[in-house]
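Please prepare a briefing on the structure shown here, covering its domains and its contacts within and between chains.

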Amino acid sequence: MRDCKFSRRNFLQVGLAAGTGLALWELYRLGFSNQIDRNAASLQAFTGMGLDQEQLRKLLDIALEGGGEYADIFLETSLSSYLGFNGEQFQNSGLESISGAAIRVSTRDGTSFRAVTDLSWKGLTQAAREAGAAARSDVRLPPTSLKPLQTPNLYSSTSPALFEAITEKQQLLNRVVESARKAYEHASIAIANYRDTLRFLTVATSDGVFAHDTQPLLRFFITVAAVDPNTGKTGFGYFNGGGHYGLEYFQRHTPEQLGQRAAEITRSQLEGVAAPSGQLPVVLGPAYSGVLMHEAVGHGLEADVNVKGYSAYSGRIGELVASPLCTIYDDGRRENLNGSINFDDEGVPSSRTPLIERGRLTSYMHSRETAAKMNAPLTGNGRRQSFSYPPLPRMTNTYLEKGETPSEEIIRSVKYGIYARTFAGGSVDITTGDFTFIPTEAFLIEKGRITAPLNKVILLGNGPEIMNRLVMVGDDLEMSDHLWDCGKQGQMVPVTVGTPTIKIETMTVGANNG
Amino acid sequence: MADLDLAEAALRLCQKRGAEQAEALLIRHQEKATSVFNQKVQFSGANETTRMIVRVFRDHRGAVIHGNVATEEMLETLVNQVIGILPHTSQDKYLGAAESSEVGANGPLGIFDERLAQLPINQVEEIALAAEQKIAEHDKRTENLITTNLQVQTQIVNLRTSAGFSGSYQHTLATLVANAAMDQADRKNLGTAVTVTRSLDGLDLNKTAERVMQELTPMIGTRPAPAGEFSVLFAPTSARSIAAMLLQMCSGPATLFVETLKLGKLNETVCSPHLTVVDDATKKDGIGSAPFDHEGVKPARKLVIEKGVFKDYLLNSYYGRSLQRGSTGNAVATGDARFGVRYSNAYIEPGDADPDDMVADLKRGFLVIRFLSPSMPLSTNFTQAATGFWIEDGKVAYPVRAAAIAAPLREMLEGVVAVGKDLDLDAAIGSPTLLVNKMNISSLM
């Protein structure tokens with residue numbers, strides 16, 4: 001460690017004791033000015049945000065004073081830097097910090113929750129007392145001693161992007177924008193936005209879990225608009241990327257490749273022809289099309305909606321709910337992906353959970369609360385946007401397992417249909433299972449060949465029905481390095497999707513001109 | 001130190017560190033929330049957060065910093081960091097705080113209810129339980145399948161700017177979300193109603209229950225809509241998304257894209273002459289009302305689109321300067337030193353058509369109740385999935401679970417041929433029923 005002026009003692013003195021989160025800014029100053037090692041060892045000063053195990057146990061004890069079967073404490077502090085570039089000016093440079101704590105007490109009947117930004121001992125004990133008082137239970141399970149949770153680290157970055165020089169980030173954005181402009185002669189606007197975050201989490205639970213995580217996150221977004229002066233046609237496209245990476249992300253996906261992809265999507269929108277509409281065979285390309293698994297299946301398998309019996313998949317464990325070609329996993333353990341987590345926000349290690357195996361429904365995704373209600377094993381899916389929100393069952397990285405058919409063969413099998421490659425997102429009605437998703441790049445398939453790009457298309461389906469119409473699965477599984485943020489009950493969490501090339505026998509295609 | 005004094009101290013420190021202009025915005029947020037299922041309180045929570053936003057300008061450069069704790073000790077760190085970013089930003093002649101001639105505040109707007117702010121958490125739970133009970137009383141088939149979530153928020157907003165503005169206000173907001181499921185024929189159906197209000201008295205549980213039932217009961221015997229080009233009626237519940245799209249087109253940050261994509265220009269026709277769009281931050285009890293925006297500018301009621309003609313932008317001071325106009329008081333603090341723009345209480349003005357007559361006059365068409373797909377960035381095309389009812393000979397023929405509706409955006413906006421008189425501005429955005437003469441429909445089978 002180089003001249004490390006930042007220690008646990010410093011932290012206690014300037015951070016928690018002042019109740020201000022100042023230590024985080026001090027860390028930023030030291031990291032940014034290269035005065036500390038940027039590896040995880042020096043960041044360990046944030047373990048417990050200055051609270052030792054005994055103090056955390058004391059807080060849990062206070063929370064359970066009035067009764068309750070379970071309590072946990074979630075501590076979060078994070079710092080983000082961001083900037084934007086329009087090809088001429090760096091427009092939105094800034095920093096953002098979040099520090100707070102949440103205390104939760106569960107009884108057989110329900111859960112009480114308190115979230116605060118006052119991190120003084122007085123503030124925390126008051127929050128613990130309030131959470132406990134609201135829980136109201138005759139049963140009391142006292143907290144056990146805390147044991148550190150050991151999990152493999154899924155974030156391989158050794159240097160958080162937060163500490164890298166602004167000029168380096170500016171150069172990367174410059175390259176992204178320049179390559180987008182160069183890649184398409186009609187591109188008239190190209191704007192890139194960038195954000196990195198370093199997030200420290202600590203979870204302590206009354207059943208003895210003490211877990212600490214340091215999550216680096218990186219995300220960028222490029223938007224391109226184009227006009228063809230000859231035809232007057234216009235096009236608009238965007239592309240994004242990121243995950244648990246440092247700036248090494250831009251070695252895996254160079255700024256030039258990223259800019260070019262945004263330009264290609266814009267070109268396909270501008271030069272696209274009117275799409276056919278109606279019931280058509282649809283081939284979905286690898287990686288990004290995994291949004292189908294996310295919308296059509298994943299949301300309906302989050303356990304909270306199944307506890308209430310709201311989902312189209314409720315009460316159907318063990319039933320055939322999809323084509324036997326379908327095996328779908330939710331896997332929070334894939335290295336660096338946007339949805340990967342060492343453990344969830346309830347201190348449960350993430351896992352690779354088979355949701356559907358050869359068409360048969362095998363598991364829902366659980367938080368601690370839903371697993372207890374359904375008497376099911378924990379799956380590590382209890383996630384929250386920040387300390388301000390209670391955890392809910394949420395997806396991590398959801399994907400369809402690969403099959404055996406080469407992707408070329410799948411495309412060759414379609415006489416007239418749609419090939420969709422990248423997507424803007426989607427949504428689902430979890431009760432009916434009806435879902436939609438919107439391709440940003442789609443093409444016509446004619447006589448087994450991909451031909452013309454198509455203008456804006458929308459795909460509609462019903463989850464259980466479509467998953468039974470899945471007739472071919474490719475051998476080319478890819479996880480998307482695209483950036484996905486999943487929204488539920490007002491909370492956004494990062495996720496990833498994946499799939500090999502697949503063919504849906506028929507699907508509803510909506511477009512401008514039938 | 002009082003909040004406004006903290007903001008003042010931040011401002012002075014920014015100026016001491018060399019900022020030519022600066023603003024300090026301090027927002028204290030309190031929230032109580034509960035979730036009820038099967039007559040049991042499943043979740044009961046409270047949340048207190050503080051957000052300090054400091055924006056500085058020097059030499060036509062700008063930077064902003066957000067911190068969710070605000071104490072005197074923190075100020076120096078925040079200010080040093082944000083000043084440190086300034087040299088890394090680009091010069092932009094339009095960057096800067098609002099002009100001193102623009103700042104000011106509207107009088108009382110009725111957006112704070114002391115009774116709602118002081119409501120203890122056990123009463124929040126009781127209201128959510130009572131809402132669930134009301135829904136079950138409407139239809140016993142929903143029993144054991146009802147969830148109600150009630151969230152009560154109180155915010156205190158404090159702003160101090162180098163243009164001489166100093167102001168604070170508090171506002172309350174209650175959001176009641178009720179869901180009820182019901183087994184219908186071969187599938188389940190879910191009805192959802194959202195009630196948003198500034199006051200305790202605005203929580204009308206009967207109305208919430210009626211809305212849930214309206215969403216639930218008609219969805220028996222769904223069939224696919226015919227494919228092809230038909231008229232489309234947008235009920236107020238879906239038409240508000242069209243109002244939001246029009247507002248987005250007229251907002252400062254979208255100008256470049258809107259003009260590039262040839263969607264419209266100021267003083268030109270951008271949509272049907274039947275459409276007039278208003279943004280009014282001064283509406284009493286309005287969900288989007290505020291005495292001043294995040295730059296300290298006093299907003300006024302404005303006609304954004306008048307009879308189809310784009311008349312006024314939604315602007316903050318940056319976009320106001322870049323378009324050689326003043327701010328319209330629509331600034332919202334973001335991580336961008338230019339800040340963003342948002343509408344306040346925005347709506348399409350009601351027309352004179354009776355919504356029942358609009359259905360009765362329709363030979364064949366689709367009545368859209370709700371969009372299924374997420375809202376997308378502005379584009380030259382409008383393509384969405386929706387649920388609603390098929391209309392034949394002026395009557396509801398059957399419900400349609402999901403259909404894609406599509407048209408080039410300009411054609412759709414210009415194709416609005418009738419506007420209902422049924423505007424009920426119960427959210428920050430609203431619209432009466434709209435009739436579009438022709439869109440492409442392809443339905444889920």
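The points below cover the domains, the contacts between them, and the contacts between chains.

This is a predicted model, in which local features need pLDDT of at least 70 and side-chain atom pairs count only at pLDDT 80 or more, while totals for chains, interfaces and linings use all residues. Residues are numbered from 1 along each chain as its sequence is written, and chains are lettered from A, with ligands numbered from 1, in the order in which they are written.

**Domains of chain A**
- Chain A is divided into domain 1 (8–81 + 94–156), domain 2 (169–200 + 215–271) and domain 3 (278–511), with bounds that come from an automatic or database domain assignment.
- Between domain 1 and domain 3 of chain A, 18 residues of the former are in contact with 15 of the latter, contact being defined as C-beta atoms, placed from the backbone, within 7 Å.
- On the domain 1 side of this contact, β1 (70–85), β2 (94–106) and β3 (111–116) of chain A each supply at least two residues, and the largest share, six residues, comes from β2(A).
- Strands here are DSSP runs (E, at least two residues), numbered from the N terminus.

**Contacts between chains A and B**
- Chain A places 69 residues in contact with 69 residues of chain B, and β2(A) gives the most to the chain A side, with seven residues.
- β3(A) pairs with β2 (residues 40–58) of chain B in the parallel sense over six bridges, where pairing requires that DSSP finds at least two bridges between two strands.
- A:Arg114 stands opposite B:Ala46 in β2(B).

Notes:
Two residues are in contact if their C-beta atoms, placed from the backbone, lie within 7 Å. Helices (H or I, at least four residues) and strands (E, at least two) are DSSP runs, numbered from the N terminus.
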